[in-house]
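Before you read further, please open the sequence and the structure side by side. The remarks are meant to be checked against both.

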Amino acid sequence: HRWFILQVENLLREIDCRITMPYWAWSLTANDPWNQPYWLNDSSWFGGDGVRPSPASAPPGCVQTGPFREGEFELSSSSLDRCLRRDFAPDSLPNELMVNIVLDTSPDMPLDFLFGLEVSLHNRVHCQIGGTMCSFHSANAPEFYLHHGYVDKIWYDWQVKSEQHKEAIYKFDTTPMRSRRDEGILLAKGASPADLYDSGYLPGGVKVRYVEPTHHNAYLVRQT
């Protein structure tokens, strides 16, 4: 995902070199995640929840507001669906306490850190947004990138605790990354996890530093 975010950021910077990838610090608004400006019916934001289907057993509803609404935005041709769907869960999102528990994981237990980051935080947010985000085609959803920006920041925050933290995961994994669906397809132009573990030395000479969020601003950009 770190590689994927970098590639999307590079594409955006071909349009405007000032652009850097934003992130959404969902832990700061965990108790009221859906009443936030990101979900406004506004051309600058993402629109709201999908329209609730009837009967209840039907798939999550298509988004009807904002620039990614049904009729204005379609998913990629590889998706079996055409519209962007959401199904906001009534539960809260992972909060700051949960993030801090993951960040407190010892560098001697890197697999525990990965499990906490991937399962307790990352996966939960995907499926609490629901719909397209809780599917194999989640990268079609615009919020995918803000979510993964924050997941990457959490990993970054853990890495900057010490050299042992930074080098605990992927430094020595030189296996070229491949598609999960087709082991014959190389991703990242043959780059390996070892090429991406250090945010200060990413492919293309890119250096990333994350701006810290506040309770007044949970939507921020990173510095590249």
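The points below concern a predicted model, and they take up its nonpolar core, two of its helices and one loop residue.

1. The largest nonpolar core comprises 46 residues, and those that touch the most other members are W24, W26, W39, L117, I129 and I154. At least two residues of this core come from each of α1 (2–15), β1 (22–24), α2 (96–103), α3 (110–129) and α4 (143–159), and among the contributors it is α4 that gives the most, with nine residues.

2. Within that core I would look at I154, which, when residues up to four places away in sequence are not counted, touches W26, V99, L103, F113, L117 and L121. Of these partners, W26 and L117 are themselves listed with I154 among the core residues that touch the most other members, while V99 and L103 belong to the buried residues of α2.

3. Helix α4 itself has 17 residues and reaches 24 Å from its first C-alpha to its last, which is close to the 24 Å expected at 1.5 Å a residue. The helix is also mostly covered, in that 17 of its 17 residues are buried.

4. A charged residue of α4 deserves its own remark, namely D152, which lies in this helix. D152 counts as buried because its relative accessibility is 5%, below the cut-off of 20%. Leaving aside neighbours within four places in sequence, D152 is in contact with R2, I5, Y210 and R222.

5. Which residues of α2 are buried? They are V99, V102 and L103, and because they cover an arc of only 100° around the axis, they are placed on the same side of the helix. On the other side of α2, L97 and I101 are exposed, whereas the cover over the buried residues of α2 includes α3 and α4.

6. At the N-terminal end of α2, N95 acts as a cap, with a side-chain oxygen lying 3.1 Å from the backbone nitrogen of L97. The residue that provides this backbone nitrogen, L97, is one of the exposed residues of α2.

7. Finally, V206 is found in the loop between α5 (163–167) and β2 (209–210). Although V206 lies in a loop, this residue is buried, because its relative accessible area is 12% and the cut-off for burial is under 20%. The C-alpha atoms of V206 and N10 are separated by 9.8 Å, while the two residues are 196 residues apart along the chain.

Note on methods:
Residues are numbered from 1 along each chain as its sequence is written. This is a predicted model: local features need pLDDT of at least 70, side-chain atom pairs count only at pLDDT 80 or more; totals for chains, interfaces and linings use all residues. Side-chain values use heavy atoms; hydrogens and water are left out. Helices (H or I, at least four residues) and strands (E, at least two) are DSSP runs, numbered from the N terminus. Buried means under 20% relative accessible area, exposed over 50%, partly exposed in between (1.4 Å probe, protein chains only). A nonpolar core is a set of buried Ala, Val, Leu, Ile, Met, Phe, Trp, Tyr and Cys residues joined through side-chain atoms within 4.5 Å. Contact means heavy atoms within 4.5 Å. The expected span of a helix is 1.5 Å times one less than its number of residues. The arc is that of the directions from the helix axis to the C-beta atoms. A polar contact is a pair of N or O atoms within 3.5 Å; within protein, one must be able to donate a hydrogen and the other to accept it, and residues adjacent in sequence count only if both atoms are side-chain atoms.
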